[in-house]
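Colleague: I have just opened this entry and would be glad of a guided walk through it. Could we take it one question at a time?

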Amino acid sequence: MNWKPKNAPRKSRAPRSARTIAALRKIFDEADLRHSTFDGVDLRNASFGRSNLAAARFDYVDLSDAFMEEADLTHTTIWHANLTGADLTYAKLHKAQLDSAVNLTKATLVTADLTGAYPDDANLSNAALIGANLKGASLTNAKLHGARLSNVDQEALAREFRWYIDKNGNLAKADLTGADLTNADLRGVDLTEATLVDANLRGAKLAGVKLTGAKLDGVRGLPPSLRP
């Protein structure tokens, strides 16, 4: 199934046009859209709650503020898409591929399944990743400024933070409330004004870490020399 904007040339008639999408008020809740292609379509505020989008493709699509709670996006390819403010709570993004132009600023990915996903270079600034499963995910060059990563799987954090930090070294203003960072490699990381309330840093490597203005109430495992 292919979705294209109404001014795009077509070689054959698409099952649904952009005009039809508007007529349907962009509601696709619980729809079976496996292997569908959405090309250049305006899907702002669209609703895909619990829809099956496995192996679908989104190219140059505006999904800002879209509702995608519990949607199945397994093996989905997302290129040059705008997902600013999108709600992906409990969404399945297993092995999903996102290119560097994907914008997930302020997106909600609470308890989302990102196992084996490739959000390399994606913009996750101020996104909520609370309780998300990042096992096997790749965050190389991802933008995490101000992202909320509390209660994220500890093993994934320990591994992914090192890859992320090797390229960026900046987690300023990140919300890591309650994060389990046991044995994480945080050497040289900029955690300026980050929130580490109730975080566990036992065994973490902290040489050269920057904690200026960080909120450290209830943090465990932080050496006295690094406390204000």
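Colleague: Let me start with one residue: is Asp59 buried or exposed, and what is its relative accessible area?

Modeller: Happy to help, and please keep in mind that this is a predicted model. A residue counts as buried when its relative accessible area is under 20%. Asp59 falls under that cut-off, so Asp59 is buried, with a relative accessible area of 13%.

Colleague: Which residue does the side chain of Asp59 meet in a salt bridge?

Modeller: The contact is a salt bridge with a distance of 2.8 Å from N to O. The partner counts as partly exposed, at 33% relative accessibility, whereas Asp59 is buried. The residue that meets Asp59 is Arg57.

Colleague: Before we go on, where is the confidence lowest and where is it highest in the protein chain?

Modeller: Taken over the protein chain, the mean pLDDT is 81, and 78% of the residues reach 70 or more. Over residues 8-15 the pLDDT is below 50, and this stretch has five contacts in the model beyond near neighbours in sequence. Where pLDDT is low, the predicted coordinates should not be read in detail. Confidence is lowest in helix α1 (residues 18-23), at a mean of 45, and highest in strand β3 (residues 57-59), at 96.

Colleague: Back to charged side chains: how many salt bridges does the structure hold, and how far apart are the closest N and O atoms of Arg44 and Asp62?

Modeller: The structure holds six salt bridges. Arg44 and Asp62 form one of them. Arg44 lies in the loop between β2 (37-39) and β3 and Asp62 in the loop between β3 and β4 (77-79), so this pair ties together parts that are 18 residues apart in sequence. The closest N and O atoms of Arg44 and Asp62 are 3.8 Å apart.

Colleague: Which residues are linked with Arg44 in a network of salt bridges?

Modeller: Arg44 is partly exposed, with a relative accessible area of 42%. Its bridge to Asp62 belongs to a network of salt bridges. The residues linked with Arg44 there are Lys26, Asp42 and Asp62.

Colleague: How many residues apart are Arg50 and Glu70?

Modeller: The side chains of Arg50 and Glu70 meet in a salt bridge, at 3.4 Å from N to O. This pair links distant parts of the chain, with Arg50 in the loop between β2 and β3 and Glu70 in the loop between β3 and β4. Arg50 counts as exposed at 52% relative accessibility, while Glu70 is partly exposed at 34%. Along the chain, Arg50 and Glu70 are 20 residues apart.

Colleague: Now the aromatic rings: what is the angle between the planes of Phe28 and Phe48?

Modeller: The structure holds four aromatic pairs. Phe28 and Phe48 form one that is stacked, at 4.8 Å centre to centre. The pair links distant parts of the chain, Phe28 being in the loop between α1 and β2 and Phe48 in the loop between β2 and β3. The angle between the planes is 10°.

Colleague: Why is the pair of Phe38 and Phe58 stacked?

Modeller: Planes under 30 degrees apart count as stacked. The ring centres of Phe38 and Phe58 are 4.7 Å apart and their planes are at 5°, so the pair is stacked. Phe38 lies in strand β2 and Phe58 in strand β3, so the two rings tie together parts that are 20 residues apart in sequence. The deciding angle is 5°.

Colleague: Which residues form one aromatic cluster?

Modeller: Phe28 counts as buried at 6% relative accessibility, and Phe48 counts as buried at 0%. Both Phe38 and Phe58 are buried too. The one aromatic cluster is formed by Phe28, Phe38, Phe48 and Phe58.

Colleague: Moving along the chain, what separates the C-alpha atoms of Leu104 and Gly85?

Modeller: Leu104 sits in the loop between β5 (97-98) and α2 (154-167), and counts as buried at 4% relative accessibility. Beyond residues up to four places away in sequence, Leu104 touches several residues, including Leu83, Leu88 and Asn123. Gly85 is 19 residues from Leu104 along the chain, and their C-alpha atoms are separated by 7.0 Å.

Colleague: Lastly, which residues is Ala101 in contact with, leaving aside its neighbours within four places in sequence?

Modeller: Ala101 is found in the loop between β5 and α2, and is partly exposed with a relative accessible area of 33%. Its C-alpha atom is separated by 6.5 Å from that of Ala122, 21 residues apart along the chain. The residues in contact with Ala101 are His80 and Ala81.

How values were computed:
Residues are numbered from 1 along each chain as its sequence is written. This is a predicted model: local features need pLDDT of at least 70, side-chain atom pairs count only at pLDDT 80 or more; totals for chains, interfaces and linings use all residues. Side-chain values use heavy atoms; hydrogens and water are left out. pLDDT is the predictor's confidence in each residue, from 0 to 100. Helices (H or I, at least four residues) and strands (E, at least two) are DSSP runs, numbered from the N terminus. Contact means heavy atoms within 4.5 Å. Buried means under 20% relative accessible area, exposed over 50%, partly exposed in between (1.4 Å probe, protein chains only). A salt bridge is a side-chain nitrogen of Lys or Arg within 4 Å of a carboxyl oxygen of Asp or Glu. Rings of Phe, Tyr and Trp (its six-membered ring) pair if their centres lie within 6.5 Å; planes under 30 degrees apart count as stacked, over 60 as edge-to-face and the rest as tilted.
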